[in-house]
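Me: Please take a close look at the strand pairing at the start of this chain. Then work outwards from there to the side-chain pairs and the confidence.

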Amino acid sequence: MVADDSLAHLTYRAVEKAPGSADSLAEFFVHAYGPAADDLAGRFSDCVRTWDQQVHESGYPPMAIHPAGTPDEQPPRGDVLDKTSARLVLQWPGRVLDTAQGVPTARGQRTSAPATPPTS
């Protein structure tokens with residue numbers, strides 16, 4: 001997650017391995033850097049908790065793909081990842097979005113990542 005000149009990312013370590021992956025345990029950590037690191041880490045942690053409580057069992061969040069340069073008001077509400085060739089919009093269940101229309105952002109901050117072309 002990138003916002004307010006800061007970066008947060010998720011890591012994990014295996015706590016207990018089991019023959020079936022459903023029985024394995026892992027511990028997750030949010031690492032954050034920059035002037036807004038504490039706030040961003042809290043926001044990211046909230047997203048992880050929501051995913052664990054509301055999304056984890058149902059699979060991945062819906063994602064819409066739109067051409068790069070699509071105006072903010074056209075895609076559905078969600079978190080935006082702008083790439084060189086497309087705008088990806090992810091819709092996380094339980095996620096509260098601040099803007100009334102268009103492409104929303106986390107607490108008024110547009111969520112994005114570097115525009116890097118996909119590799120195949």
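Reply:
**The first sheet and its surroundings**

V2 has L7 as its bridge partner in β2. A3 is partnered by S6, also in β2. Two bridges join β1 to β2, and the two strands run antiparallel. Strands and helices here are DSSP runs, numbered from the N terminus (E, at least two residues, for strands; H or I, at least four, for helices). Two strands pair if DSSP finds at least two bridges between them.

This is a predicted model: local features need pLDDT of at least 70, side-chain atom pairs count only at pLDDT 80 or more, and totals for chains, interfaces and linings use all residues. Residues are numbered from 1 along each chain as its sequence is written, and side-chain values use heavy atoms, with hydrogens and water left out.

Now the turn. β1 and β2 form a hairpin, with two residues between the strands. D4 sits in that turn and has a positive phi of about 50 degrees.

The next partner is β3. Nine bridges join β2 to β3, again with antiparallel strands. In one of these facing positions, A8 stands opposite A32 of β3. Together the three strands make an open sheet, ordered β1-β2-β3, with antiparallel pairing. β1 (2-3) and β3 are the edge strands, and each of them pairs on one side only. Helix α1 packs on this sheet and touches β1, β2 and β3. The direction of α1 makes about 50 degrees with that of β2. Such axes are lines fitted to C-alpha atoms, for helices over the stretch in contact, and the angles run from 0 to 180 degrees between N-to-C directions.

Which rings pair in this structure, and how are their planes set? The structure holds one aromatic pair. Y12 and F28 form this pair: their ring centres are 5.7 Å apart and their planes lie at 35 degrees, so the pair is tilted. Y12 belongs to β2 (residues 6-16) and F28 to β3 (residues 25-33), so the pair ties together parts 16 residues apart in sequence. The cut-offs are these: rings of Phe, Tyr and Trp (its six-membered ring) pair if their centres lie within 6.5 Å; planes under 30 degrees apart are stacked, over 60 edge-to-face, and the rest tilted. Y12 is exposed, at 58% relative accessible area. F28 is partly exposed, at 48%. Buried means under 20% relative accessible area, exposed over 50%, and partly exposed in between (1.4 Å probe, protein chains only).

Next, the charged side chains. The count is five salt bridges. Each is a side-chain nitrogen of Lys or Arg within 4 Å of a carboxyl oxygen of Asp or Glu. One of the five lies in the helix that packs on the sheet. D46 and R49 meet there at 2.8 Å, N to O. They are three residues apart in α1 (residues 37-55), which means that about one helical turn separates them. D46 is partly exposed at 35% relative accessibility, and R49 is partly exposed at 44%.

Further along the chain, D72 forms a salt bridge with R87, with the closest N and O atoms 2.9 Å apart. This pair links distant parts of the chain, 15 residues apart: D72 is in the loop between β4 (63-67) and β5 (79-82), and R87 is in β6 (residues 86-90). R87 also meets D82, at 2.7 Å from N to O. D72, D82 and R87 are thus linked in a network of salt bridges. R87 is buried, at 5% relative accessibility. Its partners D72, at 37%, and D82, at 21%, are partly exposed.

Step back to the whole chain. The protein has one helix and six strands, in the pattern β-β-β-α-β-β-β. Of its 120 residues, 24% are buried. Among contacts (heavy atoms within 4.5 Å) with a separation of 6 or more, 48% join residues 24 or more positions apart.

Finally, confidence. pLDDT is the predictor's confidence in each residue, from 0 to 100. Its mean for the protein is 76, and 76% of residues reach 70 or more. β1 has the lowest confidence, at a mean of 84, and β4 the highest, at 93. Over residues 99-120 the pLDDT is below 50, yet this stretch has 56 contacts in the model beyond near neighbours in sequence. Where pLDDT is low, the predicted coordinates should not be read in detail.
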